[in-house]
Amino acid sequence: MRCFNLVPALLLPALLLVACAATPRMPIIEPPLAGAAFGNVKPEQVETLVIVVHGDTEATPSHLAFAQRAAATLPKAAVVALLRPGYGTGTGLASPGVRDAGNGDGYTADNVRLLGESVAAYRKRYPRARTILAGEDGGAALVANLAGTRPALVDAMLLVGCPCTLPEWRALMAKAKPGKGFNRPVASLDPLQTVGGIATTTRSAILVGENDRITPPRIAGTYAEALALRGIGTDFRRLPGRGHDILNDPETLDALARLAGAS
């Protein structure tokens, strides 16, 4: 597998160990958010573009391994692992913007704008590709909000452990984690309020662990119902025996493959 790096700063030893041993190629493209692209297909031949957005407050975002596996699994695909606004690797690579505090404050209009500008840049890089956005945790909220505010950028979305009914989720977390700021006002967009802007042609898959105590199944279920009311094809699955951290679960990769294979 070749590893397509987007900026020279992405030549990080840890990333190279995870991604590939071949010499990286560095196309001249620098979206607002830093990211690493995986795949061995020429840009003009890529048919599926997957952009993976990690969760909240991750010291070391866990989505690189998922991106690598997805690129190895999906035919004619390029898979991009983005760093969310304000996040860095600790080795000098960072995205612009303000990092969230982990209390649901990171899904602002400005952060959605930065994500949208990055997605638009990658769509130009891979002009023939159908675009799937995959988000975990707070990254899923960002993806859902982008689909609702700039629907032309998102052909399909995979939401994993999504806090997609923001007030209900923050009220739940305020009780579970008192003193963490969940009872403070935030400027985040609520995916349940932006759902009306999602194109009816968008396909979606929503996964949540049956034992998820961070974003319980009822949170995702309410959002899945809202999508269904819009006439949006939605594959909603509760994974038995799983908790919150399911991005790297085989079921998640299977869900992505189903979205990639959909016409």
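The following exchange goes through the salt bridges and overall make-up of a predicted model.

Biologist: What kind of model is this, and which cut-offs apply?

Modeller: Residues are numbered from 1 along each chain as its sequence is written, and side-chain values use heavy atoms, with hydrogens and water left out. The model is predicted, and totals for chains, interfaces and linings use all residues, whereas side-chain atom pairs count only at pLDDT 80 or more and local features need pLDDT of at least 70.

Biologist: How many helices and strands are there in the chain?

Modeller: Helices (H or I, at least four residues) and strands (E, at least two) are DSSP runs, numbered from the N terminus. By that rule the chain has 8 helices and 8 strands.

Biologist: What share of the 263 residues is buried?

Modeller: Buried means under 20% relative accessible area, exposed over 50%, and partly exposed in between (1.4 Å probe, protein chains only). Of the 263 residues in the chain, the buried share is 55%.

Biologist: How many salt bridges does a search of the whole structure find?

Modeller: Side chains of opposite charge can pair when their charged atoms come close. A salt bridge here is a side-chain nitrogen of Lys or Arg within 4 Å of a carboxyl oxygen of Asp or Glu. Across the whole structure, the number found is 12.

Biologist: How far apart in helix α3 are Asp-110 and Arg-113?

Modeller: The two side chains form a salt bridge, at 2.5 Å from N to O. Asp-110 is partly exposed at 39%, and Arg-113 is partly exposed at 36%. Both residues belong to helix α3 (residues 109–125), where about one helical turn separates them, that is, 3 residues.

Biologist: Which residue forms a salt bridge with Asp-155?

Modeller: Asp-155 is partly exposed, with 25% relative accessibility. The closest N and O atoms of its salt bridge are 3.5 Å apart, and the partner is Arg-123. This pair links distant parts of the chain, 32 residues apart: Asp-155 is in the loop between α4 (138–149) and β6 (156–160), and helix α3 holds Arg-123.

Biologist: Which helices hold Arg-218 and Glu-168?

Modeller: Arg-218 and Glu-168 meet in a salt bridge of 3.2 Å, N to O. The pair ties together parts 50 residues apart in sequence, because Arg-218 and Glu-168 lie in helix α7 (residues 217–229) and helix α5 (residues 166–176), respectively.

Biologist: Which residues are linked in a network of salt bridges?

Modeller: Here the salt bridges join into a network. Its linked residues are Asp-56, Arg-84 and Asp-100.
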